[in-house]
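I opened a fresh page for this model. My plan is to go through it piece by piece and note what I find.

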Amino acid sequence: MDVQYSIEIHAKPAEVFPWIADPEKAVLWQPDVQHWEIIEKRGDVIGTVFRETVGEGSNSLEMKGFISKYQLNQEIGFHLESKVHTIEMDYTIRSNADVSVVSIHTQIHWKFPINIICLFSGKKMKANLMNQMKSEGNALKKICEKEVSYSDLNG
């Protein structure tokens, strides 16, 4: 499954990028992330290994991943593995004056038996993922444009 989404944020890349690359900040606009931890930090960032739990209660899912791409204020990529899927997620930032265009490209490879379910429910699953990306993108935009503080987003 391949999903792409872009959003314009009226802020410089140096103001936006930390909200994506710093896990302490990223969880503030990604409400599904319930827990995260760095397992092995690499000096050059690429290869840094982490674990996160997404979802709630019995619907939570643990994922282990690593940073696969990194270019300060321009790009960060993540490779994630769980019991149900493998995800490649890339965030890129292009700049035009004081406007940053954040593009998110996600490729999900479902494992059995979810890959079979995806044959029948793939469109709905993709629509749900797109809605989640839009919601998170809007939260990131509000924080970076200083419309709300991150504490307002998370109560």
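**Strands 3 and 4.** I began with strand 3 and strand 4, which run antiparallel and are joined by six bridges. I picked one pair to follow: Arg51 has Lys64 in strand 4 as its bridge partner. The two strands form a hairpin, with six residues between them. In that turn I noted Gly55, which has a positive phi of about 95°. I keep in mind that this is a predicted model.

**Strands 4 and 5.** Next I looked at strand 4 and strand 5. They too run antiparallel, and seven bridges join them. Here I marked Ile67, whose bridge partner in strand 5 is Phe78. Three residues lie between the strands of this hairpin.

**Positive phi.** Which residue takes a positive phi in the hairpin of strand 4 and strand 5? I found Asn73, with phi near 65°. Asn73 is not a glycine. Its place is the loop between strand 4 (61–71) and strand 5 (75–81). I looked up its exposure: Asn73 has a relative accessible area of 22%, so it counts as partly exposed. Val45 is another non-glycine residue with a positive phi, about 75°. I located Val45 in the loop between strand 2 (33–40) and strand 3 (49–54). Val45 is partly exposed because its relative accessible area is 21%, and buried would mean under 20%.

**A cis peptide.** I checked omega from Phe112 to Pro113. The bond is cis, with omega near 5°. Pro113 sits in the loop between strand 7 and helix 3.

**Strand 1.** I then walked along strand 1 (residues 2–9) and saw its side chains alternate. Val3, Tyr5, Ile7 and Ile9 point to one face and are buried. Asp2, Gln4, Ser6 and Glu8 point to the other face and are not buried. Strand 1 runs antiparallel to strand 7 (residues 99–110), and eight bridges join the two. Across from Val3, in strand 7, I found Thr106.

**Asp2.** I stayed in strand 1 for Asp2. Is Asp2 buried or partly exposed? With a relative accessible area of 30%, it is partly exposed. I listed its contacts, leaving aside neighbours within four places in sequence: His105, Thr106, Gln107 and Lys126. I also took the C-alpha to C-alpha distance from Asp2 to Ile108, which is 6.4 Å, although they are 106 residues apart in sequence.

**The core.** I turned to the largest nonpolar core, which has 34 residues. Ile9, Val16, Ile20, Trp29, Tyr91 and Val102 touch the most other members. Helix 3 (residues 114–144) supplies the largest share of this core, six residues. In soluble globular proteins, nonpolar side chains tend to be buried together. I followed Tyr91 further, not counting residues up to four places away in sequence. Among those it touches are Ile20, Trp29, Phe78, Val102 and Ile104. Tyr91 also touches Gln30, Gln74, Glu75, Ile76 and Ser103.

**The pocket.** How much space lies in the largest pocket? I get about 1300 Å³. Of the 48 residues lining this pocket, Val33, Glu52, Val54, Met63 and Leu80 are the closest to its centre. Helix 3 gives the most to the lining, with nine residues. I sorted the lining by type: 29 nonpolar, 10 polar and nine charged.

Key
Residues are numbered from 1 along each chain as its sequence is written. This is a predicted model: local features need pLDDT of at least 70, side-chain atom pairs count only at pLDDT 80 or more; totals for chains, interfaces and linings use all residues. Side-chain values use heavy atoms; hydrogens and water are left out. Buried means under 20% relative accessible area, exposed over 50%, partly exposed in between (1.4 Å probe, protein chains only). Helices (H or I, at least four residues) and strands (E, at least two) are DSSP runs, numbered from the N terminus. Two strands pair if DSSP finds at least two bridges between them. A nonpolar core is a set of buried Ala, Val, Leu, Ile, Met, Phe, Trp, Tyr and Cys residues joined through side-chain atoms within 4.5 Å. Contact means heavy atoms within 4.5 Å. On a 1 Å grid over the protein atoms alone, a cavity is a set of points where a 1.4 Å probe fits but cannot get out, and a pocket is an open set with protein on both sides within 12 Å along at least five of seven lines; lining residues have an atom within 4 Å of a point. Grid points are joined across faces, edges and corners, and a volume is the space filled by probe spheres set on the points. Ala, Val, Leu, Ile, Met, Phe, Trp, Tyr, Cys and Pro count as nonpolar, Asp, Glu, Lys and Arg as charged, and the others, Gly among them, as polar.
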